[in-house]
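Let's take a friendly walk through a protein model together. Have the sequence and the 3D view open, and look up each place as we reach it.

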Amino acid sequence: MPRRTAGAFPLLVTLDTDADVPLTQQLYEGVRKLILNGHALAGIRLPSTRVLSAELRVSRNTVVNAFERLAAEGYIEAKAGGGTRVSRTLPDTMAHAAVAARRQPAGPVTRRPSHRGAAIAGIRTRRWSDRLGEVRPFRLGVGALSEFPVKTWARLSRRRLAHIGAANIDYDEIAGYTPLRQAIAAYLRSARGVVCDPSQVIIVNGSQQALDLASRVLLDPDDAVWFENPGYDGARGAFLAAGARLVHVPVDDHGLDVVAGIERAPAARLAYVTPSHQFPLGVTMTLARRRELLQWAARSGAWIFEDDYDSEFRYTHRPLPAMQGLDTNDCVIYSGSFSKVLFPALRLGYLVVPSTILDTFLRVRFLTDVHPSTMTQAVLADFIAEGHFERHLRRMRLLYAERQDALVRSARHHLAGLLTVEPSEGGMHLVGHLPAGVDDREASRAARANGIVVAPLSFFSEGRQHRNALLLGYAGLTAGQIAAGTKRLATTLRPLAPRANGTHR
Ligand SMILES: Cc1ncc(COP(=O)(O)O)c(C=O)c1O
């Protein structure tokens, strides 16, 4: 195999040795066409004349002559220190005109996505920009990323890479990297009261994939799914994408209202719940409600999807086991994520699946994306095994509790009469109630224009019962940012309040 010039891709040129056209001319025209139609982009490196002559099985002179002509006409340029590149100064119009011409539809044929694809793409989700980049007050769902021990993570990654060998780069278990599954099972048993064996743990690319996978395995189109109202938009989207029919079940101070669920859809196929810390209201589902829900599932044959997305962050001294630990009927699919407790770009989470349905999950998983990157899973396994996970979690628990306090105090000071922000036993955001009559979407829009991100509760709600509250993420913000954010929010909300009072008097 000839060695290729570093960084040069092969060129898609074919030469016809039987043609009347000289080979140099054919090569010149072939490369020129690649440049003009945009296949060989400005600035990319071309293979050396030696490599190209070997690949095309022509004399080196043929290639040298073709390259000389291309260089003379400004298509390519020789670089000091060797190598030839497509000219960066190629007039754009030349290349773009050729590309545009090629993109013209050839005839009356139109191509479109499937109805399913178009329907999924049309599902309402949060604005992506709310999730990216700097942490603006009061962006939802991100932790204190600047506090994450990135140096430790980098060190563990380097160590893994230094010892990489053929044994680590083959396909792995579909369920995920075994030492990571063992570590997660041990953690869940001890910290969350989850009853599981490592074989039941499936590593996924975050909760979103857990929801997608569970929907594929458990739901048929038009199956009814009990969905918390208000509820998590990511789960809503995953169930709708699977063609499920959402049955909105109200959430009160005890959690999901199971009696209301039974009234609305007694034969629902699945119930989606966030019992530890309901998203977005933050209530904890009582033991009585958990039992009611499990009894209904046992009677009706339904599944329960327990999304335990941020239960690590509880600030009271009352530990709260997961509902999965109460399940005696193998009906709970338990899911957790490292997005909150470590960082969201990690894209790792897990499912704990009853052994009765495990094989189906794994077979479906194989046809979805096989398994997440083994290297990343291995680094995470080391991070947990060496105690960094626990240490980070302990630090963040203290920090977020302080930050929640800071938000509550700051809100009492700056937002009195404008937004009532109550503390919560856990989580990374608080709910702020607007005065009656103030529309949360209008308040959210006004805040956005003022540089503040506050999600309106109604975005997560069906119907009008949860119309006037704002969600305030605080975990990623320093006390200073929280204070500045609440002051700024006050200036946004003040003009809206009198109007509302007027309407209601
Ligand atoms: C209720 C709920 N579940 C799960 C997640 C985490 O999703 P993922 O693991 O896909 O990042 C979030 C993030 O906002 C959430 O709010």
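This report visits the ligand, some unusual backbone spots and a few pairs of packed helices.

## About the model

Before we start, keep in mind that what you see is a predicted model.

## Around the ligand

Start with the ligand and look at what encloses it. Its surroundings are made up of G206, S207, Q208, Y232, Y272, F279, D307, Y309, S337, S339, K340 and R347. Sorted by character, this shell has 4 nonpolar, 5 polar and 3 charged residues.

Some of these neighbours make polar contacts with the ligand. S207 uses its backbone: a polar atom there is 2.7 Å from an oxygen atom of the ligand. D307 takes part through its side chain, where a polar atom lies 2.8 Å from a ligand nitrogen. R347 also contributes a polar side-chain atom, this one 2.9 Å from an oxygen of the ligand. How much of the ligand's accessible area does the protein cover? On its own the ligand has 390 Å² of accessible area, and the protein covers 91% of that.

## Unusual backbone spots

Here is a rule of thumb to carry along. Most peptide bonds are trans, and most residues other than glycine have a negative phi. The next places depart from that pattern, so they are worth finding in the 3D view.

Two cis peptide bonds can be found in loops. One links P137 to F138, with omega at about 5 degrees, and F138 belongs to the loop between α5 (115-121) and α6 (150-162). Another runs from F279 to P280, again cis, with omega near 5 degrees. P280 sits in the loop between β8 (270-273) and α11 (287-300). You have met F279 already, as one of the residues surrounding the ligand.

Now turn to phi. R57 is not a glycine, yet its phi is positive, at about 55 degrees. You can find R57 in the loop between α2 (49-56) and α3 (60-72).

## How helices pack

The helices on either side of R57's loop are α2 and α3, and they pack against each other. Their angle is about 120 degrees and their axes are 8 Å apart. That angle makes α2 oblique to α3, and the crossing of the two is right-handed.

Next, compare α8 (residues 207-218) with α12 (residues 355-368). How far apart are the axes of α8 and α12? They are 10 Å apart, and the helices pack at an angle of about 115 degrees. Therefore α8 is roughly perpendicular to α12. The crossing of α8 and α12 is right-handed.

Finally, look at α7 (residues 178-192) and α13 (residues 374-385). These two pack with their axes 8 Å apart, at an angle of about 40 degrees. Are they parallel or oblique to each other? With that angle, α7 and α13 are oblique. Their crossing is left-handed.

Key: Residues are numbered from 1 along each chain as its sequence is written. This is a predicted model: local features need pLDDT of at least 70, side-chain atom pairs count only at pLDDT 80 or more; totals for chains, interfaces and linings use all residues. Side-chain values use heavy atoms; hydrogens and water are left out. A residue is near a molecule or strand if one of its heavy atoms lies within 4 Å of it. A polar contact is a pair of N or O atoms within 3.5 Å; within protein, one must be able to donate a hydrogen and the other to accept it, and residues adjacent in sequence count only if both atoms are side-chain atoms. Accessible areas come from the Shrake-Rupley method with a 1.4 Å probe; for residues, only the protein chains shown count as cover. Ala, Val, Leu, Ile, Met, Phe, Trp, Tyr, Cys and Pro count as nonpolar, Asp, Glu, Lys and Arg as charged, and the others, Gly among them, as polar. Axes are lines fitted to C-alpha atoms, for helices over the stretch in contact, and angles run from 0 to 180 degrees between N-to-C directions. Helices (H or I, at least four residues) and strands (E, at least two) are DSSP runs, numbered from the N terminus. Angles under 35 degrees count as roughly parallel, over 145 as roughly antiparallel, 65 to 115 as roughly perpendicular and the rest as oblique. A crossing is left-handed if the near helix is turned anticlockwise from the far one by less than a right angle, and right-handed if clockwise.
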